[in-house]
Amino acid sequence: MVNGIKKAKGKASKKSPNFAVNLHRILKDVAPNSSITQQTMQIANALAVDLIDRLVTTAEAVRAYDDKNTLSAKHMQAATKVLMRPELAQHAVMNGTNAVKRFIDYGK
């Protein structure tokens, strides 16, 4: 507040998620002796963000077609099957299902 006048607040800028830590962990699991440059990590992060954006957009379209109000795992699985090759989609759905099961079991 300056001279009795409130200062207008600007919109907060949206930050895209950063998967660099996760990508680095995966790299070290797959190839322990390898490294990655910062520019390559930025490209890999952009690919991950783009894939997630496409999955969510497609899942929202499936949800709207299904005439539901809540986005469910079924909608994400359908979006995954639409966007990815069959072999990759099968593995992605299987790993996602296992991750959800582990998350639920961890809470018990």
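Okay, let's start with the first helix pair. Helix H1, residues 20-30, packs against helix H2, residues 38-65, at an angle of about 105 degrees, and the two axes are 10 Å apart. That angle falls between 65 and 115 degrees, so H1 and H2 count as roughly perpendicular to each other. On the H1 side the contact uses Ala 20, Leu 23 and His 24, and on the H2 side Met 41, Ala 44 and Asn 45. Sort those by class and you get 4 nonpolar residues, 2 polar ones and no charged ones.

I should say right away that this is a predicted model, so please hear everything in that light.

Now, stepping back to the whole chain. What's it built from? We have 4 helices and 0 strands, and reading along the sequence gives the pattern α-α-α-α. There are 108 residues, and 12% of them count as buried. The accessible surface comes to about 9600 Å², with 57% of that belonging to carbon and sulfur atoms. As for contacts, take the ones with a separation of 6 or more: 31% of them are between residues 24 or more positions apart.

While we're around the start of H2, have a look at Gln 38, which lies in that helix. Buried or exposed? Its relative accessibility is 64%, so Gln 38 counts as exposed. Its C-alpha is 9.3 Å from that of Ala 20, and those two are 18 residues apart along the chain. Ala 20, remember, is one of the H1 residues in the contact with H2.

Next pair: H2 with helix H3, which is residues 73-83. Here the axes come within 8 Å and cross at roughly 120 degrees. The perpendicular range stops at 115 and antiparallel needs over 145, so this pair is called oblique. The crossing of H2 past H3 is right-handed. Who makes the contact? From H2 it's Arg 54, Leu 55, Thr 58, Ala 59, Val 62 and Arg 63, and from H3 it's His 75, Met 76, Ala 78, Ala 79, Thr 80, Val 82 and Leu 83. By class that's 8 nonpolar, 3 polar and 2 charged residues.

Between those two helices there's a loop, and Asp 67 is in it. What's odd about Asp 67? Its phi is positive, about 60 degrees, although it's not a glycine. For background, most residues other than glycine have a negative phi. Asp 67 also counts as exposed, because its relative accessibility is 67%.

Last pair: H3 and helix H4, residues 86-107. Their axes come within 9 Å and cross at roughly 155 degrees. Anything over 145 counts as roughly antiparallel, so that's the label for H3 and H4. H3 also passes H4 in a right-handed crossing. The meeting residues are Gln 77, Thr 80 and Lys 81 in H3, with Ala 89, Ala 92, Val 93 and Thr 97 in H4. Those divide into 3 nonpolar, 3 polar and 1 charged. If Thr 80 sounds familiar, it's also listed on the H3 side of the contact with H2.

One more residue in H3, and that's Ala 73. With 52% relative accessibility, and the cut-off for exposed being over 50%, Ala 73 counts as exposed. Ala 73 and Val 93 are 20 residues apart in sequence, and C-alpha to C-alpha they're 9.6 Å apart in space. Val 93 is among the H4 residues that meet H3.

Okay, that's my tour. Over to you.

Conventions: Residues are numbered from 1 along each chain as its sequence is written. This is a predicted model: local features need pLDDT of at least 70, side-chain atom pairs count only at pLDDT 80 or more; totals for chains, interfaces and linings use all residues. Side-chain values use heavy atoms; hydrogens and water are left out. Axes are lines fitted to C-alpha atoms, for helices over the stretch in contact, and angles run from 0 to 180 degrees between N-to-C directions. Angles under 35 degrees count as roughly parallel, over 145 as roughly antiparallel, 65 to 115 as roughly perpendicular and the rest as oblique. Contact means heavy atoms within 4.5 Å. Ala, Val, Leu, Ile, Met, Phe, Trp, Tyr, Cys and Pro count as nonpolar, Asp, Glu, Lys and Arg as charged, and the others, Gly among them, as polar. Buried means under 20% relative accessible area, exposed over 50%, partly exposed in between (1.4 Å probe, protein chains only). Accessible areas come from the Shrake-Rupley method with a 1.4 Å probe; for residues, only the protein chains shown count as cover. A crossing is left-handed if the near helix is turned anticlockwise from the far one by less than a right angle, and right-handed if clockwise.
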